[in-house]
Amino acid sequence: MNLNMRSLLIFLLCGSFLLSCSTPQTKKVSYHSDDPWNLDIKVEKVVLKNGLTILLVENHTLPIFSLYTFFDVGSKYERKGITGSSHFLEHLMFKGAKKYGPGVFEKAIETNGGSSNAYTTMDQTVYYENMPTKAIDLIIDMEADRLENLLLEPKGFESERSVILEERKYRYENSPGGQLLLATTQAMFDGTPYGESVIGRIPDLKKVSRDEIHTYFKTHYAPNNAVVVIVGDIMTHEVAHLMKTKFGGIAKSKTLEAMKRDLDDAFLYKDRAKYKKSHNIYGESPNPVFRLAYRGEPLGTRRSLVLDLLSSMLGDGKSSYLHQKYATGKKAMAGNIYAYNYNLQEAGSFFIGGQLLSGTSLKSFERKLKKETKTICKKALNERALQKTKNQYLVSYYNSLQTNDGVAWFLGANESVFGDYNTYKKELKIYRSIQLAEVEEVCHSVFDGGKNIFLSVWNKNPKHRRKF
Amino acid sequence: MKLLYTVCALALFFGSNSYGFEKKITKVAWSDSLEVVFLEDHRFPTYALSIYFADGALGDHRGRLGETDAMFANLTAGTNRYNQKQISDALEFYGTSFSYNVTHEYSSVGIAGLAKDFRPNVKMLCHLFKDATFPKRELLTYKRKLVSAFESMASNHSALANRIFRELSLKNTLYQAPVSGKIKTIKRFTSKFLDKKLQYFKKKVKKRIYLVGPNKLDELKRVVSEECDFNIAGASFVRSVKDSNAKFAKSRKIYLIPVPNANQAQVRVGSYLGQSEIEEPDLMSVASGFLGGGYTSKLMTEIRHKRGLSYSVSTVATKQKQYGRAAISTFTKNPSIAQLMKVIKDSLNEMSSGKFSRLELRDSVNFLSGSYLFQFEKGSSYLANLLYFDHIGRNYDELYAFPEKIKRFKKPQVAEMIEKLFSWDKQTVVIVGSRNLLKDLRAFGSVQVVDYKKFL
């Protein structure tokens, strides 16, 4: 249930806006008709005494709603020996609590016509439900129950352990893309809390105990470490009252703040990567998949937004520079190629990746690509490419905010990462203000100096055991 | 070309009921060869447009399977006026997406973007249909990429299993060949063949335009009239086949497709459905949903929750116009393959003999009924539902009646449908995994071992 990181980052980092001033039945979002970048989402924000943040948005178009719960805990907070605990816990949150016991949670969701899922990243664990309106009371009651009284029942615990080990193979070992993702994070974030996989190491998964997971749960699953967003056919004042009734009595964590201060210490995330190296990993892929990775930027800085634009200008779409240079024409070398700005809360990586066509020499491509980066800022960036990227972001926002689920995710991501769901307004202003010269400057700061790591997965790379 | 407008126009409006997803839909026939379905939606300043063509890959030349798919894929590869880069840039500059979909029975092309850019976008789409040249250089790259993508499937066992299962479960039917073709047929595509295919779709095949967004129907009419040549007299061909089920007899077949270094087995179980087996699509949805749809379905409960055998399992039973498919998809670690197979077999037998409670069925129907609404949140998803219903010849009122209708199905009807769709003795079973699984699989019947390369 890992989040597709690209989607997350596109959602989170693009500017934002949506609309619908013309529909009287919904008051969720509005925009200025002469300026679609001028967006306002009407949100009711409530913070309970125990620190739980609640965001509510009404949209009465259909008798449905989406509920998202963001917990500020991900794999970066796992110590040695219990890697994968955040993700393991995510699975166990569906295995029953005191009032709604084993099997009851999922059953209640589905018999009421809804669906539920979750994902874990290095920074967060996120749960969501898409439900018909009639189930609002039930869902809120169940969410409060599992936050306060999770059972971690032994039988369910063991069966999920087996499921997760299979999921791990499916996502990492048996997927060249997964192998590459894992190798990239291990290489780029080596020696930092981001240097492990989200699903965790196999030996840790095999031996982690129920008690250890229970302690992890008690440490991180507290109302003052969560944001709940509900968007849809709801009456905000009624739902706010219901949330207070159900969640208001759950005790806040008194140690959380101090503990997170330590865990988020900037020193832990200091760049310790060993650059100017190549990691060629054996995998079943008959054609090489590759990444050329550079140090990036954490979420929330102006530079990270410039990097977003840079990655799209270089590699989004068939008209992009990288696609035109390497994936079209008689001498095409790649089946696909892209640039990607991978932001985490405390660090980031910027990379160019893709898959080579059969018959293309990996060595020669690596040389060519590295040479290319010496001139790419001059050749690939221009005013039209910048405007095109801004236009594309605009459309992608309109598209992503057409569902309750999309709006709930968007607001929750902003609130949980930046402490303010309105952050999108600032980001939007920044995106609009970024000029070509600034993108060029940031481009040079990434590529000049050749501080990179090249990674590939291919069935012709040397076989050696890799520690996962 | 001038259009012969408004041969007949039909505006459908469905009043609100407790579900509230009915919309005012306008259906207009501009001629015998061109219809329009319009869904006005002012919630967002975006539009989505699809052009439906009443033919698909069934019309491909036997030696050039995949040609229809290749033709649509290469529409943006170049015209007499613009090269590939200019075409992509013209669309991408506005943030407009271009997509296409080819099935055996029909094809469609879609664009979506900001409503303010509707006219230049449609103009470009029409230009592509008028003037595409399928440049040799781009076609060569396309073929190289496709061959590479097929080769890379060797490392994506799930995708490989889907492709092989599709071909084996549809063996000896008209639908056996993959829509995208195979390495040996792809090599035969030429610019001339693709152009011929385009001319065929333009001049012979019936079309229907679907539009959702704030744009007005008049605007579409104007731009299509001025920029497109979709409305060609006599372009009224609709693909249909004679008794697609005539020579098909089902029996259980088990195939093992060995792949190197596999530590998991991909499992697909299912069968081809002839016309007589797809007459009740709503009941099919209930039966397959009850068996393997959602997190609390029978198979998910038995395979994941009770035994931890797999991370996921899903079931589908789909109806096309003249055929259908039923399929179960899951995977497990190598040592568990026999246990997984037994659980699937036992579950199918139990369910088809009615060994389930009315309460379990009611819960499953409630899930299907409630979650159905979510398909209508996005204008483009709404449109996709309308296109599908038109293709299979169902009325829109059936689309809206679904949530209530399925609540009326009785237990024996559902058990009988599960038997019809998933009778263990009539299933094609495909396992993609280690050759060492052969011994375990033999406990379930004779096993044919087939090289995966045959399917690429």
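Two strands are taken to pair if DSSP finds at least two bridges between them, and in the predicted model described here this criterion yields, in chain B, an open sheet of six strands with the order β10-β11-β9-β12-β8-β13 and mixed pairing. The strands β10 (313-319) and β13 (447-449) of chain B stand at the edges, each with a single partner strand, so one side of each is left without a neighbour in the sheet. From one strand to the next, the twist of this sheet averages 20°. Within the sheet, strand β9 (residues 264-273) of chain B is paired with β11(B) in the antiparallel sense, the pairing extending over ten bridges, and Gln264(B) is found opposite Lys333(B) of β11(B).

Two helices of chain B are associated with this part of the sheet. Helix α9 (residues 281-292) of chain B packs on the sheet and touches β10 and β11 of chain B, its direction making about 170° with that of β10(B). Helix α10(B) likewise lies across β10 and β11 of chain B, where it runs at about 155° to β10(B).

Considered as a whole, chain B has 16 helices and 13 strands. The radius of gyration of chain B is 23 Å, close to the 23 Å that the globule rule gives for 456 residues, and chain B is therefore as compact as a globular protein of that length. Taken along the principal axes, the C-alpha atoms of chain B fill a box of roughly 65 × 55 × 40 Å. Buried residues account for 49% of the 456 residues of chain B, and, of the contacts in chain B with a separation of 6 or more, 81% are between residues 24 or more positions apart.

Chain A has 18 helices and 13 strands. For chain A the radius of gyration is 23 Å, close to the 23 Å that the globule rule gives for 468 residues, so chain A is as compact as a globular protein of that length. The C-alpha trace of chain A spans about 65 × 60 × 40 Å along its principal axes. Of the 468 residues in chain A, 54% are buried, while residues 24 or more positions apart provide 78% of the contacts in chain A with a separation of 6 or more.

In chain A, an open sheet of six strands with mixed pairing follows the order β3-β4-β8-β5-β7-β6. Its edge strands are β3 (44-47) and β6 (115-120) of chain A, each of which pairs on one side only, and the twist averages 15° from one strand to the next. Strand β5 (residues 64-71) of chain A pairs with strand β8 (residues 226-232) of chain A in the antiparallel sense over seven bridges, with Tyr68(A) standing opposite Val229(A) in β8(A). Helix α16 (residues 404-418) of chain A lies across β4 (53-58), β5, β7 (125-132) and β8 of chain A, and runs at about 155° to β8(A).

Elsewhere in chain A, strand β11 (residues 334-343) has nine of its ten residues buried, and β11(A) is therefore largely enclosed by the rest of the structure. Nine bridges join β11(A) to strand β12 (residues 348-356) of chain A, the two running antiparallel; the two strands form a hairpin with four residues between them, in which Asn341(A) stands opposite Phe350(A) of β12(A).

A helix pair of chain A was also examined. The axes of helix α5 (residues 154-173) and helix α6 (residues 176-188) of chain A come within 5 Å and cross at roughly 85°, and the crossing angle makes α5(A) roughly perpendicular to α6(A). Arg171(A), Tyr172(A) and Glu173(A) of α5(A) make this contact with Gly178(A), Gln179(A) and Leu182(A) of α6(A), and the contact residues divide into two nonpolar, two polar and two charged.

Finally, the contact between the chains takes 56 residues from chain B and 55 residues from chain A. On the side of chain B that touches chain A, at least two residues are supplied by each of α2 (84-93), β6 (107-114), α4 (136-152), α10 (298-305), β11 (324-333) and α12 (358-371) of chain B. Of these elements, α4(B) gives the most, with nine residues. The residues of chain B on this side comprise 17 nonpolar, 25 polar and 14 charged.

Conventions
Residues are numbered from 1 along each chain as its sequence is written. Chains are lettered from A and ligands numbered from 1 in the order in which they are written. This is a predicted model: local features need pLDDT of at least 70, side-chain atom pairs count only at pLDDT 80 or more; totals for chains, interfaces and linings use all residues. A residue is buried if 20 or more other C-beta atoms lie within 10 Å of its own, exposed if 12 or fewer, and partly exposed in between; C-beta atoms are placed from the backbone. The radius of gyration is taken over C-alpha atoms; the globule rule is 2.2 Å times the number of residues to the power 0.38. Two residues are in contact if their C-beta atoms, placed from the backbone, lie within 7 Å. Ala, Val, Leu, Ile, Met, Phe, Trp, Tyr, Cys and Pro count as nonpolar, Asp, Glu, Lys and Arg as charged, and the others, Gly among them, as polar. Axes are lines fitted to C-alpha atoms, for helices over the stretch in contact, and angles run from 0 to 180 degrees between N-to-C directions. Angles under 35 degrees count as roughly parallel, over 145 as roughly antiparallel, 65 to 115 as roughly perpendicular and the rest as oblique.
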